[in-house]
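Student: I would like to learn how to read a ligand site, a pocket and a cavity. Can we work through an example?

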Amino acid sequence: MIELEGIEKTYTQGEVVTRVLQDISFAIQPGQYVAIMGASGTGKSTLMNILGCLDKPTAGHYRLEGTDVVDLDDEGLSHVRNQKIGFVFQQFHLLQRTTALKNALLPLIYADHYPEEAEELAEQALGMVGLSDRIDYRPNQLSGGQQQRVAIARALINNPAILLADEPTGNLDSRSGVEVMAIFQRLHREGRTIITVTHDRQIAEHAQRVIVLADGQIAEDQTIDRPRDAEAELVALVPNEENNG
Amino acid sequence: MKILRTAQEGLSSLAANPLRTFLMMAGTVVGIAALTVIMAIGKGTESQVMRRVENFGPRAMMLVAGGGRTIGPPDSTVTTLTLDDVRAIREEVPGLEIVTPQAWLSGAGLRYEAQQIKATLWGIEPEWHEAWNWHTADGDGISHEDVATMARVCVIGSSVKRDLFGGADPIGQTLYVNKVAVQVQGVLERRGVMGASGGDFDNRILVPITTAMRRVMNVDHIGGVRIITSDADRMPEQAEQITQLMRARHRITPPVEDDFRINSPLAIAEVVRGTSGTLTMLLAALAGLSLLVGGVVLMNIQLISVAERTAEIGLRRAVGATRNDIFTQFLTESLSVTLLGMILGSALGSGISVAIRQLTSMPIVISWEPLALSLGFALLIGTFFGVQPARRAARLHPVAALR
Ligand SMILES: Nc1ncnc2c1ncn2[C@@H]1O[C@H](COP(=O)(O)OP(=O)(O)OP(=O)(O)O)[C@@H](O)[C@H]1O
Ligand SMILES: [Mg+2]
């Protein structure tokens with residue numbers, strides 16, 4: 001599904017050349033749930049941006065479902081993002097003054113073919129993340145955890161091949177973070193491919209596989225034999241009215 | 001269609017930020033309103049010019065006693081214009097179809113039985129009817145014989161008929177003009193109230209010019225000469241010839257002021273246009289300035305908006321918007337703002353035009369044509385000042401925008 005081969009990324013500012021990623025190669029099978037870890041500044045976000053076709057590597061090959069996306073132009077990349085990739089960001093990035101429903105269906109606006117049942121699809125997606133009763137709420141009327149779940153609904157609306165999440169729990173309290181993990185684990189059970197970046201070991205251990213970056217290179221690539229179970233963790237946590245959504 | 005959906009995104013953003021939208025729009029509203037008023041005044045003025053020229057006669061000139069520049073009645077204190085001048089013009093200026101003198105007395109007292117009114121007295125020759133294209137509705141006009149015999153006859157305007165005779169038939173009746181008895185032999189066609197001055201053209205009485213000069217006024221001079229040229233194109237040249245002839249006959253050498261003036265359709269148009277000219281110039285300056293400043297304000301607000309909304313732009317790019325989609329959205333915002341501004345400005349301008357028409361005597365015609373011009377301006381400004389912000393938004397790198 002995903003094949004990276006000798007990916008490099010360098011930034012050149014005048015005389016200064018910063019090598020952010022060096023010789024990154026790995027493959028991810030369909031349906032895998034992968035966490036990427038590493039210290040701050042090791043290039044996790046840079047790698048995610050390349051995986052998400054938001055950015056191009058300086059060298060190397062990236063094959064997504066068989067096509068080498070490195071050759072695509074801006075329009076081609078936009079199309080891949082729209083059709084095959086769902087993004088979840090640390091800062092949620094919801095449109096303010098816009099309802100959860102409208103936020104969730106945003107990717108459909110940019111699809112070649114706008115489905116007639118777009119609003120129903122958005123409602124379904126919001127239902128999947130437990131926000132059926134919040135579809136007309138605006139971001140400022142939602143808690144952080146709820147906002148991130150709207151963002152997940154938005155990422156899922158196109159039924160993408162991969163779900164990419166860069167520090168999805170970074171701005172959330174621990175309970176909301178575990179709730180997001182529970183959603184990811186459910187999506188994983190349903191067969192979705194998920195790649196998430198985190199600097200939190202516990203969050204990473206909800207995945208099947210953890211890739212650790214150090215200085216722009218793969219330092220470790222481990223399989224988690226028994227991932228943490230977010231549902232079980234939630235039961236153990238004290239119920240929190242506010243974030244029950 | 002994707003382009004419609006992306007445009008719709010722009011509209012939603014405008015609706016979500018009413019204050020920003022209003023600020024972006026203000027200049028366009030004022031500019032288009034001023035433009036609309038200018039056009040209403042311009043069109044009103046032109047239609048008044050047309051009407052006045054049509055009334056005056058497109059091939060007509062008036063040689064009038066008394067100097068100065070304004071259109072209006074002759075100066076009755078000037079006694080230098082005579083029938084000899086008329087004869088000289090007929091003989092020396094070629095290409096004239098009709099040259100007919102008229103004596104003139106304003107506020108002549110008319111009496112019929114117990115009724116007394118004031119009206120304008122015109123002493124005329126038979127050609128007067130042809131020269132003004134103004135004939136009798138009933139009875140006969142003034143004839144050559146009437147002029148030759150200094151006949152005690154008259155033709156009255158419809159207002160005089162109404163005011164002196166009521167419903168009765170005036171033909172054959174005798175009335176008194178400044179105590180001179182004349183018999184009514186005809187009634188003129190109705191012309192109605194004319195121009196901004198509101199003068200009643202039908203409040204007049206025509207008598208043979210000889211009768212007017214000898215019997216009523218006892219003068220040797222005339223008030224004016226109505227001239228119809230056979231070729232309107234030659235009018236300026238003929239007017240110049242007449243001017244030279246009159247100066248020679250009246251022994252006038254500039255800088256001594258002429259004791260006569262020549263009115264022509266051109267002169268009339270100039271006077272009518274002159275009154276609205278200054279206001280139009282002021283409004284044009286206001287319109288131009290508002291549209292320009294409004295455009296610059298719009299561009300700057302959009303540039304600030306692009307800077308403030310980089311995260312939004314990055315997000316849209318992340319979920320699949322192409323550079324073109326972002327460009328379309330932001331250009332739609334600018335264009336919609338100017339179009340909305342144009343609609344509001346047109347409405348405001350029309351309202352102001354109606355108010356001006358109601359409150360002043362300025363000629364105002366409200367029509368659909370300014371809309372086309374305003375639409376053109378709105379599209380031009382929206383595009384011209386909207387492209388740069390839209391381009392800047394489209395060029396943002398998604399990764400940089402999301403950071
Ligand atoms: N546009 C750029 N120009 C120059 N250097 C850059 C640019 N973008 C990122 N970098 C550098 O690349 C390195 C990796 O950045 P990146 O954001 O991928 O780190 P990260 O692993 O996501 O860190 P964090 O955990 O703090 O989010 C950093 O040292 C950063 O300074
Ligand atoms: Mg990062």
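Tutor: Start with polar contacts to ligand 1, and keep in mind that this is a predicted model. A polar backbone atom of Gly41(A) is 2.8 Å from an oxygen atom of ligand 1.

Student: Which distances to an oxygen atom of ligand 1 do polar side-chain atoms of Lys44(A) and Thr46(A) show?

Tutor: For Lys44(A), the distance is 2.7 Å. For Thr46(A), it is 2.5 Å. Each partner atom in ligand 1 is an oxygen.

Student: How much of the accessible area of ligand 1 does the protein cover?

Tutor: Compare the ligand on its own with the ligand in place. Alone, ligand 1 has 640 Å² of accessible area, and the protein covers 65% of that.

Student: Which residues are around ligand 1?

Tutor: A shell is read with a distance cut-off, here a heavy atom within 4 Å. From chain A come Tyr11(A), Val20(A), Ser40(A), Gly41(A), Thr42(A), Gly43(A), Lys44(A), Ser45(A) and Thr46(A). Chain B adds Arg403(B). The site is therefore shared between chains, as residues from A and B surround ligand 1.

Student: Which element gives the most to that shell, and how does the shell divide by class?

Tutor: Helix H1 of chain A, residues 44-51, gives the most, with three residues. By class, six residues of the shell are polar, two are nonpolar and two are charged.

Student: Now the empty space. How is it found?

Tutor: Rolling a probe the size of a water molecule over the atoms shows where space is left empty. Take the second largest pocket: its space comes to about 730 Å³.

Student: Which residues are closest to the centre of the second largest pocket?

Tutor: They are Leu95(A), Gln96(A), Thr98(A), Glu312(B) and Arg316(B), out of 28 lining residues. Helices H3 (100-104) and H4 (106-109) of chain A each give two or more residues to this lining, as do H1 (2-16) and H10 (310-318) of chain B. H1(B) gives the most, with six.

Student: How do the residues of that lining divide by class?

Tutor: There are 10 charged residues, nine polar and nine nonpolar.

Student: How many cavities of 30 Å³ or more does a search of the whole structure find?

Tutor: A cavity differs from a pocket in that the probe fits but cannot get out. The search finds one of 30 Å³ or more. The largest cavity has a volume of about 50 Å³.

Student: What lines the largest cavity?

Tutor: Chain A residues in the lining include Arg81(A), Asn82(A), Ile85(A), Gly86(A), Phe87(A) and Pro107(A). Arg154(A), Ala155(A) and Asn158(A) are there too, and chain B supplies Ala318(B) and Val319(B). Helix H2 (74-84), strand S6 (85-88) and helix H6 (144-156) of chain A supply at least two residues each. S6(A) gives the most, with three. The lining has six nonpolar, three polar and two charged residues.

Student: Last, overall form. What is the secondary structure of chain A, and what is that of chain B?

Tutor: Count elements, then check the radius of gyration against the globule rule. Chain A has nine helices and 10 strands. Its radius of gyration is 18 Å, close to the 18 Å that the rule gives for 245 residues, so chain A is as compact as a globular protein of that length. Chain B has 13 helices and 12 strands. Its radius of gyration is 33 Å, well over the 22 Å that the rule gives for 403 residues, so chain B is more spread out than a compact globule.

Student: What box do the C-alpha atoms of each chain fill along the principal axes?

Tutor: For chain A, roughly 50 × 45 × 35 Å. For chain B, roughly 105 × 55 × 30 Å.

Conventions: Residues numbered from 1 in each chain as written. Chains lettered and ligands numbered in written order. Predicted model: local features only at pLDDT ≥ 70, side-chain atom pairs only at ≥ 80, totals over all residues. Heavy atoms only, no water. Polar contact = N/O pair within 3.5 Å; in protein donor to acceptor, adjacent residues only side chain to side chain. Areas by Shrake-Rupley, 256 points an atom, 1.4 Å probe, with all protein chains shown as cover. Helix = DSSP H or I, 4+ residues; strand = E, 2+ residues; numbered from the N terminus. Nonpolar A, V, L, I, M, F, W, Y, C, P; charged D, E, K, R; others polar. 1 Å grid on protein atoms, 1.4 Å probe; cavity = no way out; pocket = protein on both sides within 12 Å on 5 of 7 lines; lining within 4 Å. Points joined across faces, edges and corners; volume = space filled by probe spheres on them. Rg over C-alpha atoms; globule rule 2.2 N^0.38 Å.
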